[in-house]
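Let's walk through this structure together, one question at a time. Keep the 3D view open and turn it as you read.

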Amino acid sequence: MITELGHFALLLALAVAVVQMVVPAVGAHVRDQRLMAVAYPASLLQLALVAGSFLALTYAYVASDFSVENVFLNSHSTKPLVYRISGVWGNHEGSMLLWVLILAAFGAAVALFGANLPPTLKANVLAVQASIALAFLLFIATTSNPFLRIDPVPADGRGLNPILQDPGLAIHPPLLYGGYVGFSMAFSFAVAALIEGRTDAAWARWVRPWTLAAWMLLTVGIAMGSWWAYYELGWGGWWFWDPVENASFMPWLAGTALLHSALVMEKREALKVWTVLLAILTFSLSLMGTFLVRSGILSSVHAFAVDPKRGIFILVIMVLFIGGSLLLFSIRSGTLRQGGIFAPISREGALVLNNILLAAATATVFVGTLYPLALDALGGGSISVGAPYFNLTFGPLMVPLLLALPFGPLLSWKRGDAAAAMQRLLVAVVVTTLAAAAALAWQSPGPWLAPFALALGVWVIAGAVTEIAFRVKAGTAPWPEVIRRLRHLPLSSYGAALAHIGVGISVIGIVATSAWRTETVVALKPGEKLEIAGYQLEFRGTAPGTGPNYKELTGQFAVTRGGTPVTTLAPSKRLYDQPRQATTEAGIHVGWRGDLYAVLGDEQPGGAYTVRVYFNPLVRFIWLGAIVMFLGGALSLSDRRLRVGAPRRAKARALQPAE
Amino acid sequence: MTRKQRRAILIGGGLTVLAVALGLVLFALRSTITYFKSPSDVATAAPAVGQRFRLGGLVKDGSVKRGNGPEVEFSVTDTLAHVTVVYRGVLPDLFREGQGVVAEGRLEADGRFRADSVLAKHDESYMPPEVAKALKDKGVKLGQGAVHPADKKLPASGAPKGETGK
């Protein structure tokens, strides 16, 4: 019964989406307040219906109702409750429903918090949001309906892929989708601006917090996925340049560029056309990410088994939205008035450089991800593009970006003084040089470039600290003045500096792990030892064990360092019952120098086991940096200026005639 | 500086970066891509010793040999030809005789393939698409539980998960 209600709510949501798409847009066109006002209740109703539908599916999972095909295929009665819930989005149909739920939530948020938006802009934004919702609701209802029943009712379900039964992966999709779908806000605002033929600083003030929120969610979502792949797949790596990973990374890169260009637009009314285009491209990359993952054209660790009809449907959605919005852009972008001018050496100039480099980096990832697919589709043979390609293309583009980063915030708007900025960065230069020298002296084997790459991370952190120190006049003003300034510095300044520090921390982790990681593979019998990165591991043998829905074989390794015991590592091989599948659980010891990472392999004749052990220096910095970036974003988002200023200004602008 | 000059600098800077990026992409695509080859491809036109490529096919039944320390030897076959693969490391959980596998590495002078990574699909009910496609092109019937991506229906009508390859 509840399942049927969920199905019905889904169809009602579809009908509401049609109304929300058409009526407010017509209202905005003919300037009819009553028609435009339909958007408000429609978007709230939309959220209520989609949420009801989602809850109905969740109920079916929690209650293990195997008469629902989707539950039968992806759940099992012995599965722990938390994974029965996360199983809702651990499959294709449910994850698409989650996608639409998040979309509806963003739409409702505009309706609720956008009371001060110009009415026509708000109506158009909500109409565009509804058109996206309509496309995806149609997709779910026709090709991916999670509410279908089966007869006869099976006794039990088939279970969820055990590698997905993991706390990290339970929250990874909602975070990732929050990011993907969050960029739909920027898209809807961009399309609405093109329809109206005008954008202003108020528009950017509205777009920026939404983009920032989406960017924050995507940042931790990607980091969570990387962390999961690190500890769950047992390969010791944290990023594989896998097409599905790239699919989430491209919107992140474009979204990062969008955040910075929206800043220029908000403060200086420049880069309007570019910002609007970037907003469209960012969401287009999100749509493409959805297409790549959901169409099943990729051979990836993350791809689900998929029906080809779905791929074509999403392809049509993608072509319609990307093509339509770009067409609208090419027709209407000429109507957007160009704003303030600036010298090449200025804050704007630095942000433009940021945008150029990030856009070029996005393009290299795009080519590396899609070239094999295109070549295969054209009959050019099956090839793969892996880490060496990305190291050669993406890597070199990051160097100037990171080098230039500390200069940006120290240059003033309109016309900056590069020499003065350099002078302020003198301490940062010294710190960075010392870091590079220390890394050079410390590393014995390793790529000669690595210490310099590591120093880039230090440079970015030192630059961010310098910026704050400069703003509060540390070292030049008396202490009480510095403290007063520290207290009055806007939160968004701290937020930006913190986010940049996060980038630096991640860079250090990425460089250290990539350059100085060590690994060893040996066959060990109980009682034998191996040595890696100053640690001694003694193999104490294996022991069988059982969990709630799996059996496992755990290896015991006593870890010592210079004779003193450090820890015991217990990597295991698990065999899950439902579905019957083997997984590897790595044994990981987190030390301050890095992670000791052990994987238990197959048994060899004679009682030995293959054992692979890695030492990943500073690998935690990668994810720590992502968390710091998220916190920086949160700090910036909580700045009152960003929240309060926007509507007020929007109201004032609304009284002016359209350009 | 006039507005025009400023714009020229900006556009010039943008184009320079794009040109550099394009150059990097073209260079990288020439030097870093790896081709996918089936054992028959290797048999008919063997890649040069030391050239990196990806070898895909089925793990030949009864071919897995262990005992030489952490080194494993097995044959990858498309039923028409086979290539002996040597790998030092921990094989993936889904590695099994008769199942699809993709190994990346180089041919050695003795004709064996030295793999530095071995991948099996993360879902037992289907095999890596490249492997399935290569086998289909060769007219090879797929083993039990191996579903060709193009033939894939809703999972309900496909092979039951978890009961394959055992």
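Q: In β5(A), which residue is the bridge partner of A:Tyr535?
A: This is a predicted model, and we can begin with two of its strands. β4 of chain A covers residues 535-546 and β5 of chain A covers residues 550-561, and the two pair in the antiparallel sense. A:Tyr535 therefore sits at the start of β4(A), and the residue at the end of β5(A) is the one to look for. The bridge partner of A:Tyr535 is A:Arg561.

Q: How many bridges pair β4(A) with β5(A)?
A: A hairpin of three residues leads from β4(A) into β5(A). The two strands run antiparallel, and the number of bridges over which they pair is 10.

Q: Which residue takes a positive phi in the hairpin of β5(A) and β6(A)?
A: β6 of chain A spans residues 564-569 and pairs with β5(A) in the antiparallel sense over five bridges. One pair of opposite residues here is A:Phe557 and A:Leu569. The hairpin has two residues between the strands, and the one with a positive phi, near 60°, is A:Gly562.

Q: Which residue in β7(A) does A:Thr554 stand opposite?
A: β5(A) also pairs with β7 of chain A, residues 572-576. This pairing is antiparallel and has five bridges. Opposite A:Thr554 you will find A:Ser572.

Q: Is A:Leu618 buried or exposed?
A: First find A:Leu618 in the loop between β11 (609-617) and α20 (620-637) of chain A. To count as buried, a residue needs 20 or more other C-beta atoms within 10 Å of its own. A:Leu618 has 22 such neighbours, so the answer is buried.

Q: What is the phi of A:Leu618?
A: Here is a useful rule to keep in mind: most residues other than glycine have a negative phi. A:Leu618 is not a glycine, yet its phi is positive, at about 55°.

Q: How far apart in space are A:Leu618 and A:Gln578?
A: Start with what A:Leu618 touches: beyond residues up to four places away in sequence, its contacts are A:Ile508, A:Gly509, A:Ala512, A:Thr513 and A:Gly594. A:Gln578 is 40 residues from A:Leu618 in sequence. From C-alpha to C-alpha, the two are separated in space by 36 Å.

Q: Is A:Glu269 buried, partly exposed or exposed?
A: A:Glu269 belongs to the loop between α10 (243-268) and α11 (272-294) of chain A. It has a positive phi near 55°, although it is not a glycine. A residue is buried with 20 or more C-beta neighbours within 10 Å and exposed with 12 or fewer. A:Glu269 has 16 inside that distance, so it is partly exposed.

Q: Which residue is joined to A:Asp151 by a cis peptide bond?
A: Most peptide bonds are trans. For this cis bond, look in the loop between α7 (119-143) and α8 (167-196) of chain A. Omega is about 0° there, and the residue joined to A:Asp151 is A:Pro152.

Q: In β1(B), which residue does A:Ser384 stand opposite?
A: Now we move to a place where two chains meet. β1 of chain A (residues 383-384) runs antiparallel to β1 of chain B (residues 34-37), and two bridges join them. Opposite A:Ser384 is B:Thr34.

Q: What is the handedness of the β-α-β unit that β1(B), α2 and β2(B) make?
A: In chain B, β1(B) is joined to β2 (residues 52-59) by three bridges, and these strands run parallel. One bridge pair is B:Lys37 with B:Leu55. The helix of the unit is α2, residues 39-44 of chain B, and the unit is right-handed.

Q: What is the radius of gyration of chain A?
A: Chain A has 21 helices and 11 strands. The globule rule gives 26 Å for its 659 residues, and the value for chain A is close to that, so the chain is as compact as a globular protein of that length. The radius of gyration is 27 Å.

Q: What is the average pLDDT of chain A?
A: A score of at least 70 is reached by 95% of the residues. Over residues 300-305 of chain A, however, the pLDDT is below 50. Where pLDDT is low, the predicted coordinates should not be read in detail. Chain A as a whole averages 89.

Definitions and conventions:
Residues are numbered from 1 along each chain as its sequence is written. Chains are lettered from A and ligands numbered from 1 in the order in which they are written. This is a predicted model: local features need pLDDT of at least 70, side-chain atom pairs count only at pLDDT 80 or more; totals for chains, interfaces and linings use all residues. Helices (H or I, at least four residues) and strands (E, at least two) are DSSP runs, numbered from the N terminus. The radius of gyration is taken over C-alpha atoms; the globule rule is 2.2 Å times the number of residues to the power 0.38. pLDDT is the predictor's confidence in each residue, from 0 to 100. Two residues are in contact if their C-beta atoms, placed from the backbone, lie within 7 Å. Two strands pair if DSSP finds at least two bridges between them. A crossover is right-handed if, with the strands pointing away from the viewer, the path from the first strand over the helix to the second runs clockwise.
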